[in-house]
Amino acid sequence: MGMQLVKSDSKIDIEKHFKITAGPGAGKTKFLINHLKNVLHNSTRLGRSRKIACITYTNVGVETIVQRLGDDVDYVEVSTIHSFLFTHIVKPYLHLISGKYEINHLKVDSPYEHIFSNGYFRKTDLSMKNIQEQEMKKIFWFIEGDSCKLHIRDRKSDFHKSLLKYKKMFWEKGIIHYEDVLAFAWEILNSSTETLRIIRSKFPYFFIDEFQDTNPIQAKIVKLIAEKEIVVGVIGDKAQSIYEFQGADVKQFDNFTLPEMVLYKMEDNHRSTESIINLLNGIRKDIIQRSPDKIVGNSPCIIVGDPLRALKYVQEVLDNEEVTTLSYSNLMANSVRNNKDYKDEQKWMLIDEAFVDSNPDRRKVLISVIKSIEYARLNHYKDAIKELSRHVRLTDDHNGQKTALILIKMLLNEYSDFSDKSLWTIYCKLNETGFFNIPKIRESKGDKAPSLIEEYYKNTIYSSIALHVKITEDDSLHRTIHKAKGSEFNNVMVIVKGKDGHKYNEERDLSFLLKPDIDGNEDHRVNYVACSRAKKNLYICVPGISEKAKNVLSKMCLIHYIQ
Ligand SMILES: Nc1ncnc2c1ncn2[C@@H]1O[C@H](COP(=O)(O)OP(=O)(O)OP(=O)(O)O)[C@@H](O)[C@H]1O
């Protein structure tokens, strides 16, 4: 059956599986809210303990849907996939598989991000098998037959047994990682029909937004649950599939099917002006969007020059209206937010990797303090307090949280005293507070050469290390494209630079405009997502431009040089 055209306020059959394909700004989220309300008001299968499961990709997405549902939220379980699977399957039923995986299930409280452990790695034979430490970031699960196996992305050989040994050392301590949640949920559902029955009876409807970024295991879980009794609806846009590195597969959205599933398509773009939609239509060919509201606006503009100066220029042109910058890399986003330059050759690393100190106790404290300060600067106080309270001496009745808050406020007040100075300044400051147990660095005296660690602390500038703090729920004005998913802004400047550690290369880095390949190139999709966030004004900042590119691009945008 072909695709039926729908709009964001259309009503569809609530008892049939469906898949909706639509481009950016089509009103997918709006449709989802309307559809949830439609099901809530017309279904006879819901009740206090029988809710709709509504899964979206990020916590920001969850908040948006919760807010827009208003009082109806009581009958909808809105959550991210990890949170849903953890709460309803993994946490209550982990004991069913804890023997097989040697998980200390009583100690498991919530899933964590995988932080590489050198100690555990060394206890395995992985290094003997020529696995590099950096590759451990690329561990993923895949389903083989009825069970899940661990794998390393881009490696063909089977390392499952060794990887399992590495992982078990975490599980024994009750630490399970986000990627484990999907695999464990699959194993539980697959081995326990009773659990499947309970999930089906608790959630007769299962809707998933941003389905293009679904992990293959998640898609298998959905298919398994959908075998009977429940109705599944998925919504997505394959051109916005930008999580390949987390296991999402762009083909998966196209290939996902269920018996008698109805296919719908939305062709409008309610978000952007006609000139921005024209640029977007030039990048993708599978859906040609139109502006039903015929919103007129300025032409998109390529700005050639340095990002910080380009931002200043755009702010002036727009009479100091708010301008959001979107960057591919965390490093660029952090640099713009902190008004700092950075060189293309610099590579993104998490602070846990970038901070060099052979003393693990001192290292832990310093990393937490820097993370905490940077979170607090963006008003993420909960995360900041959680990070710092682990290390302060327990002088209050609130697990150190009260003391942590006082210290955070003090450090924020004094930020300008240490942010452009060496790590030595903040190290001394922390020692002076008397709230931390930081192993001392012996300072060299007279002609004696300083130790390597003293040199590191005295020669490394705080702000250069702080750029490596990853802001998990970044809702700031200057963020990465991945963190802008699902959002929209009046004025957007997309910063195009050389990708992670490489110099800018026009043929590669601007090919999303010059020679777009939306199906085959994830970088093109990432930049497409960035451009499609703009409502009124779109700027694309590049370090330079060739005559050839200028000729191609001047048909769709203005070109402006920053002096
Ligand atoms: N029928 C409509 N009439 C007017 N405005 C609409 C309509 N539908 C959606 N919008 C508006 O268009 C914008 C985009 O809608 P929405 O966020 O639902 O799109 P989306 O398809 O989820 O986008 P994306 O995939 O790009 O994140 C929002 O500002 C929304 O309020």
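The structure, a predicted model, holds 27 aromatic pairs. In one of them, the rings of phenylalanine 18 and phenylalanine 31 have planes at 80 degrees and centres 6.3 Å apart, so the pair is edge-to-face. This pair links distant parts of the chain, since phenylalanine 18 lies in strand S2 (residues 18–22) and phenylalanine 31 in helix H1 (residues 28–42), with the two positions 13 residues apart in numbering. Phenylalanine 18 has a relative accessibility of 2% and therefore counts as buried, the limit being under 20%; phenylalanine 31, at 1% relative accessibility, likewise counts as buried.

A further pair is formed by tyrosine 101 and phenylalanine 184, whose ring centres lie 5.3 Å apart. The planes of these two rings stand at 40 degrees, a value that is neither under 30 degrees, as stacking would need, nor over 60, as an edge-to-face arrangement would need, so the pair is classed as tilted. Here too distant parts of the chain are linked: tyrosine 101 belongs to helix H4 (residues 95–101), whereas phenylalanine 184 belongs to helix H7 (residues 178–191), and the two residues are 83 residues apart. Both tyrosine 101 and phenylalanine 184 are buried. Beyond these pairs, a cluster made up of Phe116, Tyr120, Phe121, Tyr166 and Phe170 is held together in the sense that ring pairs link its members.

Aromatic rings also face charged groups. The ring of phenylalanine 140 has the charged end of arginine 153 over it, at 4.1 Å from the ring centre, and the charged end of lysine 223 sits over the ring of phenylalanine 256, at 5.8 Å from the centre of that ring.

With regard to the strands, seven of them form an open sheet with parallel pairing, in the order S1-S9-S2-S8-S7-S3-S4. Strand S1 (4–5) and strand S4 (76–80) each have a single partner strand and stand at the edges, so one side of each is left without a neighbour in the sheet. Within the sheet, strand S3 (residues 52–56) and strand S7 (residues 205–208) run parallel and are joined by four bridges, and alanine 53 stands opposite phenylalanine 206 in S7. Helix H2 (residues 59–69) packs on the sheet, where the helix touches both S3 and S4, and the direction of H2 makes about 160 degrees with that of S4. Strand S2, which takes its place in the sheet between S9 and S8, is also the strand that carries phenylalanine 18 of the edge-to-face pair described above.

Definitions and conventions:
Residues numbered from 1 in each chain as written. Predicted model: local features only at pLDDT ≥ 70, side-chain atom pairs only at ≥ 80, totals over all residues. Heavy atoms only, no water. Pairing = 2+ DSSP bridges. Contact = heavy atoms within 4.5 Å. Axes fitted to C-alpha atoms, helices over the stretch in contact; angles between N-to-C directions. Phe/Tyr/Trp six-rings, centres within 6.5 Å; stacked < 30°, edge-to-face > 60°. Buried < 20%, exposed > 50% of the residue type's maximum accessible area, 1.4 Å probe, protein only. Lys NZ or Arg CZ within 6 Å of the ring centre and 35° of its normal.
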